[in-house]
Amino acid sequence: MDITLTINGIPQQLAVAPGDTLLRVLRREGYFSVKHGCEDGTCGVCTVLVNGEPRCSCITLAAQVDGAEILTVEGLSGPQMRGWKGSAPLHPIQRAFIETGAFQSGYEAPALILAAKALLDRNPNPTEEEVRDALSGVLSRETGYVKPVQAVLRAAAYLRGEEPPPLAMPEEAVPMPPELLAPPQELPPDFVGGSGAGPQTIVLPRLVVAPTAEELRVVGKPEPKVDGLKLAQGKPVFAADVQMRGMLYAKILRSPYPHARIKRIDVSKARALPGVHAVLTYQDIPRVVFSTAGQSDPIPGPLDFVSLDSKVRYVGDRVAAVAAETPEIAEEALRLIEVEYEVLPAVLDPRDAMKPGAPVIHDEPDYVPFGECDPSRNLAARIRIELGDVDRAMAEADFVFEGEYEVQRVQAAPLEPWTCLTYWDEDDRLVIRSSTQVPFHVRRILAPVLGLPEKRIRVIKPRIGGGFGNKQEIYEDICAHLTIATGRPVLLEYTREEQFACSTTRHSMIFKMRTGVKKDGTIIANEMIVLSDTGAYGNHALTVTGNTGHKAMSLYDAPNIRFWADIVYTNRVPSGAYRGYGVPQGFVPLEAHMERICRAMGWNPLEFRLKNAVKPGAEHPMSKVWSEGREAHGEVIHTCALAEAAAMGAAAFSWRQGDYRTVPGKPHLRRGHGVAFVMQGTAIPYLDMGSAVVKMNDDGSFNLMIGATDLGTGADTVLAQMAAEVLGCRTEDIIVYASDTDLTPFDKGAYASSTTYISGGAVVRAAQQAAEQIRQVAGRMLGVPPETIRLRDRAAWAPDGRSVSLREVALESLHHHDQFQIMGTASFTSPYSPPPFAAQFAEVLVDTETGQVTVERLLMALDCGKIVNPLTASGQVEGGMTQALGYAVSEELVFDENGRIVNPRFDDYRIFRADEMPQLRVLFVETWEPTHPMGVKAVAEIPLDGVAPAVINAVYDAVGVSIPRIPLTPERVWRALQGR
């Protein structure tokens, strides 16, 4: 049928099928700003304006809007920076989103911008509440909604003809008291920081500074994201934003049973369906065992996965794969596949996994074990760590506190579903364009699976619409098998249900805690016993749970520590990497346990924690016994501003001041304040490596080639800032090329909070090499020794004030005398994993009649080293606290008695929307980490660690009941109140 649509002001006649959604038609016509995030309109990332009103295009049939005016983000502004044609005006909303850093991955940015436009068209002067209501139809998994709301209010001012105030900057600096500065630790010369003279402490937004040797001009400034313009304009930068000639669409047939063998499979009808080009089962492709965990070689876990198997191990496991000319034909082909199963007994509770007679989930003969695993007992990994004599210390303690705790299985739920496009290039090399966090690991791991050498595989990582560890997993094999089978490009894009039910989740864990304390409040022994559920496969079984103990059990410097863990297989969706990588699980029992101890002993919860927390200069307690399943090396904690963060955070939060618990006239409502101390890590020492290449261009700009993977974290921006700092130019002069295994140097990928530290170290070193070459050329041009040259303001300066521009230096080097290419190439690895620290504060309101917990305020005060970009870093923390808030009170994957997830949708799986959020506040307490040339530590994962225990402790403070299991749903809280 034919319809007429006016799209972005241009009338168009379009041929559509009766079942075509508006989303499909718009993307088919090249409007890639309109995104697929779900199939039921609950995420809102497909929002467009239909006759000026926001509409979810994924649930709107194109035929329903025949004759309508459609506006997408592409229609808000024209092309930018087109040479002699100049630039079209950027819409004020787009401008405001860029200025405020209102997006991270930007996958949902077009929808937010259009929702804002609809609001401002009808209400030019909205309140914050009205803005939040208008944005509530679009989920933002990454931002915490703080900066999008600020952007809309700022855009409203622009549209009213007003000039909004400049972006808020830090308040006036005040001197840092000398007693708060720890003495610098002795370090190998190669790892001493560049411009800092030892640890320096700064707090944002209020600066508390120690003297610095040299002012930083780019690092530490709130620069706009280098990809901000294209994200605000909805450019086709994501994995699925490609149309290729002859492209096929892939679909996967998945198991309806949690545990079964395939007795018979008949695909003849599916293969005979017109438009189907391939149907693959375990009978059609080589059986090569591997691990889907995207980790460095050798992978520290069992090899227990094959692309397609004759046995399925969870509801959603792969059975067959189809490639067809349309998604609808592929779906129909799946329905035509006939499968006869032998249903096997299933293990659905981790407590049952190792019982005698339990069904064996992995009985395949080609299983490759790692460490202390025992598949015959459903044991995927085992950890036994002992420091000191725990039992003796417990016997000598004045008090011994015990408790049991449980954390649930949750989904990372990135708004961009997992997506992959594979095709053969003109040299018959396989190209994998994937929303992956680990492009180099994808190439290495899949080479033997596909029967190709690494040199014949190219992996390209475009922009990613959120990853959170979920996209560290290796799922590209099915798409690649189909391209090998058909010779055609193949696109595989998960549905939202597949994203929930078939991609990795956070590990659920059951804990037993035991802590021995002296009368003076000194912790002398700490014990954590863990039962962790890895699900059907052991991809991250050992490393995630090891990280749980490595971080949580190191925060309090007890001389005697026991960490035991059994990680078991069950017939549930596989667990894997999720932002925080096991650490959020560990701090729930630890910090809830600490709060119980404080109340029992009458300690102030801040004083007790600070008394026992690790201090700068101390050895990292667990570092000498654990390192991701590899050889461990003891590490010293060089910087720790946890005490300062706690003090600043408590003051800013008005911690437990006045009669805060009561609500006048509402005795059934009780308010509570809770706190949690947390620490994370920064990269994996002695293992993680990143590389960088810096090349100077004729105009004095630079190409920066990095293998690092920006998930929306702002990594490309902060790495460009580091390069610009060293090279004396502006961030806009750094052109970033990232994550293409053919064109960029190796990088381990985006995980373990390593990019700013590891990849940034490589960038600084490569930039320093280029800078030294610039000084050599400029010194010759100015007739002064190269070592006297200083680079700043896009020029090289002699001591007498004379200068040559970087453009002049480039032309001299490339064209005039002693020509050579100014270029630096470097790699960076570190024997250190400097921990960031944070104090998380939470205020809750508890309805004692219903059990409803409303989180009213969250404040996190963090020591994350030098903050390279306060705009992107604070956005990371705001978004992280939002994910952690869902972990605390609402998010949980629920299974029925047959192992099927019953809530694989955004409406049932409760993620916070803009109008449901508490007040969020971020404080950075800066330290200069001397193991890095720019003084940085990690910021990406630690925001996930503290909210859940802080909320548990706030509820405890409000109603006197400590609830040892999350999420704190109304029913769970109500039942706890009834039983107190």
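Q: Why is the contact between the side chains of Glu338 and Arg264 called a salt bridge?
A: The term asks for a side-chain nitrogen of Lys or Arg within 4 Å of a carboxyl oxygen of Asp or Glu. In this pair the N to O distance is 3.8 Å, so the contact passes the 4 Å limit. A word on the source: this is a predicted model, where local features need pLDDT of at least 70 and side-chain atom pairs count only at pLDDT 80 or more, while totals for chains, interfaces and linings use all residues. Residues are numbered from 1 along each chain as its sequence is written, and side-chain values use heavy atoms, with hydrogens and water left out.

Q: How many salt bridges does this rule give?
A: The count is 73. As for Glu338 and Arg264, that pair links distant parts of the chain: Glu338 belongs to strand S14 (residues 338-343) and Arg264 to strand S10 (residues 260-266), with their positions 74 residues apart in the numbering. (Helices are DSSP runs of H or I with at least four residues, strands are runs of E with at least two, and both are numbered from the N terminus.)

Q: Are Glu338 and Arg264 buried or exposed, and what decides that?
A: Neither label fits, because buried means under 20% relative accessible area, exposed means over 50%, and partly exposed is the range in between (1.4 Å probe, protein chains only). Glu338 comes out at 28%, so partly exposed is the right call. Arg264 gets that label too, with 39%.

Q: What makes Arg514 and Glu527 a salt bridge?
A: Their side chains come to 3.1 Å, N to O, so they satisfy the distance rule. Arg514 sits in strand S21 (residues 508-517) and Glu527 in strand S22 (residues 523-535), 13 residues apart. Both residues are buried.

Q: How do you know that Asp863 and Lys937 form a salt bridge?
A: The N to O distance is 3.0 Å, so the pair passes the cut-off. Asp863 is in strand S33 (residues 853-863) and Lys937 is in the loop between strand S34 (919-926) and helix H21 (947-959), so the bridge ties together parts that are 74 residues apart in sequence. Asp863 and Lys937 are both buried.

Q: Which residues are linked in a network of salt bridges?
A: The network takes in Glu591, Glu595, Arg599, Arg609, Arg656, Arg661 and Asp957.

Q: What makes Arg82, Lys85, Lys230 and Lys235 a patch of positive charge?
A: Patch members need over 30% relative accessible area and no salt bridge, and like charges are joined within 9 Å. Lys and Arg count as positive. Lys230 is partly exposed at 33%, so the accessibility condition is met for that residue. Lys230 lies in helix H6 (residues 228-232).

Q: Which residues make up a patch of negative charge on the surface?
A: Glu129, Glu130, Asp133 and Asp915 gather there. Take Asp915 as the example: its relative accessible area is 43%, which makes it partly exposed. Asp915 is located in the loop between helix H20 (870-889) and S34.

Q: How do you know how compact the chain is?
A: Start with the layout, which comes to 22 helices and 34 strands. The radius of gyration is 28 Å, close to the 30 Å that the globule rule gives for 980 residues, so the chain is as compact as a globular protein of that length. (The radius is taken over C-alpha atoms, and the rule is 2.2 Å times the number of residues to the power 0.38.) Along the principal axes, the C-alpha atoms fill a box of roughly 80 × 80 × 60 Å. Of the 980 residues, 64% count as buried.

Q: Which peptide bond ahead of Pro298 is cis?
A: That is the bond from Asp297 to Pro298, with omega near -10 degrees. Pro298 sits in the loop between strand S11 (276-280) and strand S12 (311-312). A cis bond also joins Ile966 and Pro967, with omega about 0 degrees. Pro967 is in the loop between H21 and helix H22 (970-978).

Q: What is notable about the phi of Ser654?
A: Its phi is positive, about 55 degrees, although Ser654 is not a glycine. Ser654 is in the loop between helix H16 (642-653) and strand S24 (669-679), and at 33% it counts as partly exposed. Tyr686, not a glycine either, has a positive phi of about 65 degrees. Tyr686 is partly exposed at 48%.

Notes: Patch = residues over 30% accessible without salt bridge, like charges linked within 9 Å, V, L, I, M, F, W, Y side chains within 5 Å. Areas by Shrake-Rupley, 256 points an atom, 1.4 Å probe, with all protein chains shown as cover. Charge placed at Lys NZ, Arg CZ, Asp CG, Glu CD.
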